[in-house]
Amino acid sequence: MNISTAIPVAPPAAARRRPLTQKIVTLAHGGGGSAMRDLIDDVFLSAFSGAGRAAPEDQARFDLAALMARGDRLAFTTDGFVVDPLFFPGGDIGKLAVCGTVNDLAVGGAKPVALSCAIIIEEGLEVETLRRVVHSMAETAHAAGVDIATGDTKVVARGACDKLFITTTGIGVIRAGLDVGVTKARPGDRVIVNGLLGDHGAAILNARGDLALETAIASDCAPLNGLIDTLIAAAPGLRMMRDATRGGIAAVVNELAEASKVGVRLDELSLPMRPEVMGFCEILGLDPLYLANEGKILAVVPAGETEAALAALRAHPLGREAAVIGEVTSERPGRVVMRTRFGGERIVDMLVGDQLPRIC
Amino acid sequence: MCLGIPGQIVAVADAEAMLCVVDVSGVRRTVDVVCVAEPGAPLDDLVGAWVLVHVGFAMSRIDEEEAAATLKVLSEIGEAAAEMEALTQGSVELLSTPR
Amino acid sequence: MRFVDEFRDPALASALVKEIGAIAARLERGRDKPFAIMEVCGGHTHAIFRYGLEGLLPDLVEFVHGPGCPVCVLPMGRVDDCVDIAERPEVIFTTFGDAMRVPGSKKSLLQAKADGADVRMVYSPLDALTLAKRNPDREVVFFGLGFETTMPSTALTVQRALREGVTNFSLFCNHITIIPTLRALLEQPDLGIDGFIGPGHVSMVIGTAPYRFIAEEFGRPLVVSGFEPIDLLQSLLMVLRQIEAGQARIENQYARVVPEHGNPAALRAVQEVYEPRETFEWRGLGSIAGSGVRLTAPYAAFDAEKRFSVPDIKVADPAQCRCGEVLTGAAKPWACPEFGKGCTPETPLGALMVSSEGSCAAYYQYGGIRGEAA
């Protein structure tokens with residue numbers, strides 16, 4: 001059953017399309033008058049398909065029976081997106097805004113259903129830039145199989161925000177019987193990631209251009225719900241999943257150790273990483289464990305399901321480099337320890353603030 | 001103090017300004033080569049050389065012979081340790097082999 | 001990565017650790033305290049923690065983490081001066097990322113940025129110069145800090161600015177030199193250091209000769225070391241071998257990068273652009289004669305201290321800090337009453353918690369394993 005067409009809102013109103021002629025967004029586009037209507041019609045509604053299209057109501061409406069047929073709990077999440085620059089190798093703020101919320105739903109075992117999208121625009125933004133971002137959101141939502149069902153646009157004075165901020169909120173339905181969570185890791189479980197770490201963090205830092213480095217590293221930004229479907233099917237005993245975004249893999253593993261009251265032992269040699277990301281980190285003195293990812297999940301599975309989980313992940317295009325990176329232990333609950341390549345050990349803590357490049 | 005990383009010079013960026021492009025694992029950066037250039041020799045001679053890069057400056061040419069010599073000493077220590085291991089069989093393994 | 005991966009080989013590490021263990025076992029008789037080997041350089045400290053090397057060593061050998069982190073030893077007053085310059089409306093203040101979080105008496109550069117100062121992180125002083133060329137109507141100041149490794153890069157950048165006629169660029173010079181600092185350290189009456197692992201990247205600039213006094217006057221061995229874990233273990237082994245043989249010499253483990261006489265072009269630039277200050281204040285160690293440098297007369301036009309008449313604020317270290325004792329190996333970080341309590345990486349009180357290379361921050365962040373057990 002395709003939920004996006006099965007749960008319509010109101011029937012599409014007769015489109016009153018007027019192409020937008022201005023080149024830049026002004027405060028008038030947020031004023032609630034016809035200029036705003038034109039912006040929404042021309043930029044948003046022409047891109048966003050599905051339930052929200054041209055709905056004259058103030059809210060998207062969902063048929064509960066259709067949702068309940070898909071699972072037994074509703075998942076609900078929100079995330080704000082601010083990224084500089086707006087466009088970067090491998091993605092842009094629009095793609096990020098869809099993937100981020102889709103992934104936050106999916107790691108809870110939910111099938112993402114619909115997103116809302118609130119955009120705050122700094123006056124002076126080129127309409128073309130906005131169009132590209134919105135188009136990217138639409139394309140990503142389509143790829144992930146979710147609707148952008150409702151939204152809001154505000155325009156603020158120059159300097160009141162930085163070009164474009166996006167907030168997406170999502171709902172999804174959690175499969176009946178599936179109960180994954182950050183408190184559920186048990187000693188003996190294995191810790192798995194679905195691929196190469198640190199690409200997004202390195203790509204963004206580099207895209208800012210301040211460091212004058214040239215590299216082909218692109219963000220790994222991707223919707224992971226499809227990959228997660230295959231993982232859930234292959235490893236029914238799955239304990240938890242998290243997407244390893246800000247704070248990198250280190251932050252997620254620490255959260256898991258703390259919440260599950262277990263120790264985690266990572267194995268440095270098994271961390272999958274691109275040589276360019278390692279080179280990038282060596283030059284700037286960064287630790288790749290703390291670099292953000294936007295298309296990576298960390299999953300904890302019972303030891304007996306490790307091979308099945310790995311095989312399922314590796315069979316998916318977004319999981320080819322999946323690897324077991326560590327093990328849940330009963331030692332030092334709440335602590336993450338990494339076995340270095342020599343069998344030495346170090347504690348992997350969370351970062352205090354942002355990771356800054358260092359010279360010394 | 002002083003993060004430095006080996007990279008290979010892959011191109012001359014601006015001979016007059018003494019700038020070359022260095023590659024570190026696929027990441028490239030324009031660096032100042034005043035400290036590693038032979039006085040009077042064309043900068044093209046540097047292409048292919050390995051240098052130690054610190055904050056945008058090539059600070060030292062890496063001496064491949066010296067690197068090999070250090071590794072040779074290390075491998076001798078490794079062999080000696082292996083022989084010792086063979087002599088004292090059953091001694092406790094200090095390190096587990098990585099997976 | 002060439003010249004890196006070879007020196008991270010676990011099999012070699014295993015052999016070196018065994019050899020270090022064998023020497024320690026031979027030296028053990030008649031010894032009631034461990035051999036304290038100081039790695040002078042913060043980069044070495046970082047590598048020791050990153051690779052968990054301490055946990056591999058026998059009980060009779062321990063690393064003492066030295067003063068070689070220029071960020072950690074930067075006094076609060078100098079940070080206050082930075083903030084003072086950065087907060088001028090015409091200024092773009094450029095810095096290495098390391099210095100962003102170092103606390104001054106009122107705020108760090110990161111906080112000054114949040115308050116509206118135009119503070120920008122750069123990878124290289126060359127990038128600051130580029131920024132000056134792109135913003136001719138602004139004053140671009142580069143925060144020059146670091147030991148002899150970094151000095152040539154700022155000296156050459158100042159020379160480039162002069163050559164290219166860039167007048168809106170200046171350097172706030174906080175460079176410090178390692179040799180006077182080592183001498184000051186060695187002159188302490190109760191110094192419990194048995195040998196040194198010498199800073200590899202400082203040495204690629206200055207060569208190995210300047211360390212001779214350490215062996216000749218103070219009878220301690222020093223081995224100039226590379227930064228990979230195998231380099232460090234091999235250097236440690238070389239120091240212990242000298243101790244076993246009753247010798248004190250200067251050796252060079254890092255010959256692939258460090259030429260005996262250093263780098264002539266780099267030294268020339270440093271000599272032209274910098275001259276020693278009478279004294280320079282170090283956080284945690286106090287004033288050390290001849291340990292700082294300033295711009296020479298021909299480059300005075302590029303001296304931010306002259307251009308902006310900085311207040312030159314002096315701020316005392318918090319009295320309860322025991323950084324000095326930790327720096328000289330007299331105390332371990334966790335012996336300090338503030339460690340992990342009043343003093344954390346988030347709110348550092350003392351010098352050694354400031355940067356991830358400071359030994360307290362390193363223990364707090366990475367290590368702790370021995371500390372927790374202790």
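Let me start with the contact between chain B and chain A in this predicted model, which takes 17 residues from chain B and 21 residues from chain A, where contact means heavy atoms within 4.5 Å. The area buried between chain B and chain A is about 1,600 Å², with carbon and sulfur atoms giving 60% of it; buried area here is the accessible area, with a 1.4 Å probe, that two parts lose on being put together, summed over both. How many salt bridges are there between chain B and chain A? The count is 0, a salt bridge being a side-chain nitrogen of Lys or Arg within 4 Å of a carboxyl oxygen of Asp or Glu. There are, however, 2 residue pairs in polar contact between chain B and chain A, both residues at pLDDT 80 or more. A polar contact is a pair of N or O atoms within 3.5 Å, where within protein one must be able to donate a hydrogen and the other to accept it, and where residues adjacent in sequence count only if both atoms are side-chain atoms. On the side of chain B that touches chain A, β3(B) gives the most, with 3 residues, and by class that side has 9 nonpolar, 5 polar and 3 charged residues. Helices (H or I, at least four residues) and strands (E, at least two) are DSSP runs, numbered from the N terminus. As for the classes, Ala, Val, Leu, Ile, Met, Phe, Trp, Tyr, Cys and Pro count as nonpolar, Asp, Glu, Lys and Arg as charged, and the others, Gly among them, as polar.

A word on conventions. Residues are numbered from 1 along each chain as its sequence is written, while chains are lettered from A and ligands numbered from 1 in the order in which they are written. Local features need pLDDT of at least 70 and side-chain atom pairs count only at pLDDT 80 or more, whereas totals for chains, interfaces and linings use all residues, and side-chain values use heavy atoms, with hydrogens and water left out.

Now to the other interface of chain B. Here 43 residues of chain B are in contact with 56 residues of chain C, and the two chains bury about 3,900 Å² between them, 70% of it on carbon and sulfur atoms. Between chain B and chain C the count is 3 salt bridges, and in one of the salt bridges the side chains of Asp127(C) and Arg29(B) meet at 2.7 Å, N to O. Across this interface of chain B and chain C the rule also finds 11 residue pairs in polar contact, both at pLDDT 80 or more. The elements that give two or more residues to the side of chain B that touches chain C are β1 (5–14), β2 (19–24), β3 (27–32), β4 (50–54), β5 (57–61) and α1 (64–87) of chain B. Of these, α1(B) gives the most, with 12 residues, and by class this side of chain B has 27 nonpolar, 8 polar and 8 charged residues.

Let me turn to chain C itself. Chain C has 15 helices and 13 strands. Its radius of gyration is 21 Å, close to the 21 Å that the globule rule gives for 374 residues, so chain C is as compact as a globular protein of that length; the radius is taken over C-alpha atoms, and the rule is 2.2 Å times the number of residues to the power 0.38. The C-alpha atoms of chain C fill a box of roughly 70 × 45 × 40 Å, taken along the principal axes. Of the 374 residues, 64% count as buried, where buried means under 20% relative accessible area, exposed over 50%, and partly exposed in between, with a 1.4 Å probe and protein chains only.

For a single position in chain C, consider Ala24(C), which is found in helix α1 (residues 10–27) of that chain. Ala24(C) counts as buried because its relative accessibility is 4%. Leaving aside residues up to four places away in sequence, Ala24(C) touches Pro58(C), Leu60(C) and Val61(C).

Finally, the salt bridges, of which the structure holds 47 over all chains. Asp41(A) forms one with Arg37(A), the closest N and O atoms being 2.9 Å apart. Asp41(A) is buried, at 3% relative accessibility, whereas Arg37(A) is partly exposed, at 38%.
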